[in-house]
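Trainee: Could you pick one helix and give me a close look at it, then work outward to the rest of the fold? I'd like the kind of walk-through I can follow with the structure open on my screen.

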Amino acid sequence: MTTEKKITVVCIGDSITEGFGLEDVTCTYPFLLQEFLEENYRVCALSCFHPDCCKEALALCGDVYVILLGTDAAQNMQGTDSYSSAEEKLAAELQEIITKLRAALPDSLIFLVTPMPASPHLLNEHTKLCLNRLLPCIAAIAADNQLSLIDLYDELSKLPEEELAAIYQDDGIHPNVQGTMLIAGTLAYAIGNRIY
């Protein structure tokens, strides 16, 4: 991989990638990732909510794919009966994306990213429990497919409680601009280390 042409980085994700609750696109982590990576890169963002997400991802012919899913899956886990089905659905979704990317673009780098932790607030205890169930699922998919895993959950969990709480919007789930800046910086560091 050379820098003679722009390296295309495609971010695939859920509401955090879309920038839910943020003022505008300039506050999202894909936009900030572009600023971190600078002119040798072109960063694109796709929502997995879009029915043609995989088709669009392939059409972009990315050199690097960054897949950050799990937060919305955790939000949808409402009770013990739905835990395993939510895990299975997330695993199937991740595997489908990976399989299609690998088949069409075998030379592309693919990173799986663990979701960020929930804010340290009592109201988020259920979300924390659900995320903790999903983390091994994401790690297993990365290992089974021999992909690089960016452990955003672990990285942000190292922050002191007050600092961690300060990177979220009022819902305690979606990041504010401070949070998206941390996500973008973490991803930029991991991508740069693999490419250069």
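Mentor: Let's start with helix H9, residues 177–195, keeping in mind that this is a predicted model. H9 has 19 residues, and the distance from its first C-alpha to its last is 26 Å, close to the 27 Å expected at 1.5 Å a residue. Now look at its N-terminal end, which is capped by Asn 176. A side-chain oxygen of Asn 176 lies 3.0 Å from the backbone nitrogen of Gln 178.

Next, follow H9 along and ask what is tucked away. The buried residues include Gly 179, Thr 180, Ile 183, Ala 184 and Thr 186. Leu 187, Ala 188, Ala 190, Ile 191 and Ile 195 of H9 are buried too. Here's a handy rule for reading a list like that: an α-helix has 3.6 residues a turn, so residues three or four places apart point the same way. Try it on Ile 183, Leu 187 and Ile 191, which are among the buried residues of H9.

For a second helix to set beside it, go to H6, residues 125–144. Its 20 residues should span 28 Å at 1.5 Å a residue, and its end C-alpha atoms are 30 Å apart, which agrees. The buried set in H6 has Thr 127, Lys 128, Cys 130, Leu 131 and Leu 134 in it. Also buried in H6 are Leu 135, Cys 137, Ile 138, Ile 141 and Ala 142. Yes, that list has a lysine in it, Lys 128. Just after H6, Gln 146 takes a positive phi of about 55°.

Stay on H6 and zoom in on Leu 131, which sits in that helix. Leu 131 has a relative accessible area of 2%, and since buried means under 20%, it counts as buried. Its C-alpha is 5.6 Å from that of Ala 74, although the two residues are 57 apart along the chain.

H6 also has a charged link to another helix. The side chains of Arg 133 and Glu 87 meet in a salt bridge, 3.1 Å from N to O. That pair ties together distant parts of the chain: Glu 87 is in helix H5 (residues 80–104), Arg 133 is in helix H6, and they are 46 residues apart. Arg 133 counts as partly exposed because its relative accessibility is 34%.

That brings us to H5, so have a look at Glu 96, which is in this helix. With 41% relative accessibility, Glu 96 counts as partly exposed. Its side chain makes a polar contact of 3.0 Å with the side chain of Lys 100. The C-alpha atoms of Glu 96 and Cys 54 are 8.7 Å apart, with their positions 42 residues apart along the chain.

H5 matters for the pocket picture as well: it gives the most to the lining of the largest pocket, with four residues. Helix H4 (71–75) and H5 each supply at least two lining residues. The largest pocket holds about 250 Å³ of space. Among the residues that line it are Asp 14, Cys 48, Phe 49, Leu 69, Lys 89 and Glu 93. By type, the lining divides into six nonpolar, two polar and four charged residues.

Back to salt bridges, of which the structure holds five. Asp 154 forms one with Lys 158, the closest N and O atoms being 3.8 Å apart. Glu 155 and Lys 158 meet in another, also listed at 3.8 Å from N to O. Sharing partners in this way joins Asp 154, Glu 155 and Lys 158 into one network. Lys 158 counts as exposed at 57% relative accessibility. Asp 154 counts as partly exposed at 37%, and Glu 155 as partly exposed at 39%.

Last stop, two loop residues to check by their backbone angles. Glu 38 lies in the loop between helix H2 (29–37) and strand E2 (41–47), and it has a positive phi of about 70° although it is not a glycine. Cys 61 is in the loop between helix H3 (53–59) and strand E3 (64–68). Its phi is near 50°, again a positive value in a residue other than glycine. Cys 61 has a relative accessible area of 46%, so it is partly exposed.

Definitions and conventions
Residues numbered from 1 in each chain as written. Predicted model: local features only at pLDDT ≥ 70, side-chain atom pairs only at ≥ 80, totals over all residues. Heavy atoms only, no water. Expected span 1.5 Å × (residues − 1). Buried < 20%, exposed > 50% of the residue type's maximum accessible area, 1.4 Å probe, protein only. Salt bridge = Lys/Arg side-chain N within 4 Å of Asp/Glu carboxyl O. Polar contact = N/O pair within 3.5 Å; in protein donor to acceptor, adjacent residues only side chain to side chain. 1 Å grid on protein atoms, 1.4 Å probe; cavity = no way out; pocket = protein on both sides within 12 Å on 5 of 7 lines; lining within 4 Å. Points joined across faces, edges and corners; volume = space filled by probe spheres on them. Nonpolar A, V, L, I, M, F, W, Y, C, P; charged D, E, K, R; others polar.
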